[in-house]
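Trainee: Could you walk me through this model before I set anything up with it? I'd like to start with burial and then move on to the fold.

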Amino acid sequence: MMDHSENTLRAAIKSLRDTVAPAVDPLDPQAVEQLRLTIDFLEFLRSRVYDIHARQRYELGRQMDIAQALLDDAALISPDVGDRLTRAVSDARSVHADADAHTQDLRASSQKLWAVVRGVLRTARQAPEDVRERISTRVIGGIEPLVEMESAWYLPFGFEPDPGSVPQLEELLDRASSDAG
């Protein structure tokens, strides 16, 4: 069967604009604003619905890069911290490598991996200064692709001070699909 998600979203947006909007009391600014925000979000979702899976795969891949870069120092913090990170990276790689992984599987793996990375960062507060500095440098160095994705993903909302500096979403997602292959 054909996927009608985009057409269904278009129909919902049209219904809100053509039928609901005229029925909303123009003297109720909160109702008018909420309707506008809902329509804007549905438009945004319509433009991104078929990219959600690729975005999740991209994010998990970049998070794995950061976690991988922390493995040696995590083991220096404590064997337990190093083991937890090693297991989380291994689990994430398994999910990421699975071509049949559902978007929810990618998201769950991402959340689990990122929780372990956050634990490494918290535990590193007690580590020797040189270990803390290496961890900080690796995280800051590795976070840029995730920030780029967030900026590209939400670019249609117009919050970026320099939209021309933001990579195109398609470019980032194409890069992610070539990384997976």
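Mentor: Let us fix one term beforehand: a residue is called buried when its relative accessible area is under 20%, and exposed when that area is over 50%. Please also keep in mind that this is a predicted model.

Trainee: OK, so what share of the residues counts as buried?
Mentor: Of the chain's 181 residues, 34% count as buried. The chain exposes about 11000 Å² in total, and 54% of that area is supplied by carbon and sulfur atoms.

Trainee: And the fold, how many helices and strands are there?
Mentor: The chain has 7 helices and 0 strands, so that, read from the N terminus, the order of elements is α-α-α-α-α-α-α.

Trainee: What is the radius of gyration, and what would a compact globule have?
Mentor: The chain has a radius of gyration of 21 Å, whereas a compact globule of 181 residues would have one near 16 Å. Along the principal axes, the C-alpha atoms fill a box of roughly 65 × 40 × 30 Å.

Trainee: What about contacts, how much comes from residues 24 or more positions apart?
Mentor: Such pairs account for 69% of the contacts in the chain, when contacts with a separation of 6 or more are considered.

Trainee: Which residues have the most contacts inside the largest nonpolar core?
Mentor: That core has 26 residues, and the ones with the most contacts inside it are L70, I77, L85, L113, V120 and I135. The elements that give two or more residues to it are α3 (52-77), α4 (79-97), α5 (103-124) and α6 (129-153), and α3 gives the most, with 8 residues.

Trainee: Is there anything apart from that one?
Mentor: Another core, of 9 residues, lies apart from it, and its members include F44, V166, L169 and L172.

Trainee: Back to I135, what does it touch?
Mentor: Leaving out residues up to four places away in sequence, I135 touches L70, D73, I77, V120, L121 and A124.

Trainee: Changing topic, is R87 buried, partly exposed or exposed, and why?
Mentor: R87, which is found in helix α4, counts as partly exposed because its relative accessible area is 48%, and the partly exposed class lies between the 20% and 50% limits.

Trainee: And how far is it from R57?
Mentor: The C-alpha atoms of R87 and R57 are separated by 19 Å, and the two residues are 30 residues apart along the chain.

Trainee: Last one, how many positive and negative side chains are there?
Mentor: There are 21 positive and 31 negative side chains, and the centres of the two sets lie 4 Å apart.

Conventions. Residues numbered from 1 in each chain as written. Predicted model: local features only at pLDDT ≥ 70, side-chain atom pairs only at ≥ 80, totals over all residues. Heavy atoms only, no water. Helix = DSSP H or I, 4+ residues; strand = E, 2+ residues; numbered from the N terminus. Rg over C-alpha atoms; globule rule 2.2 N^0.38 Å. Buried < 20%, exposed > 50% of the residue type's maximum accessible area, 1.4 Å probe, protein only. Contact = heavy atoms within 4.5 Å. Areas by Shrake-Rupley, 256 points an atom, 1.4 Å probe, with all protein chains shown as cover. Lys, Arg positive; Asp, Glu negative; His and termini not counted. Charge placed at Lys NZ, Arg CZ, Asp CG, Glu CD. Core = buried A, V, L, I, M, F, W, Y, C linked by side-chain atoms within 4.5 Å.
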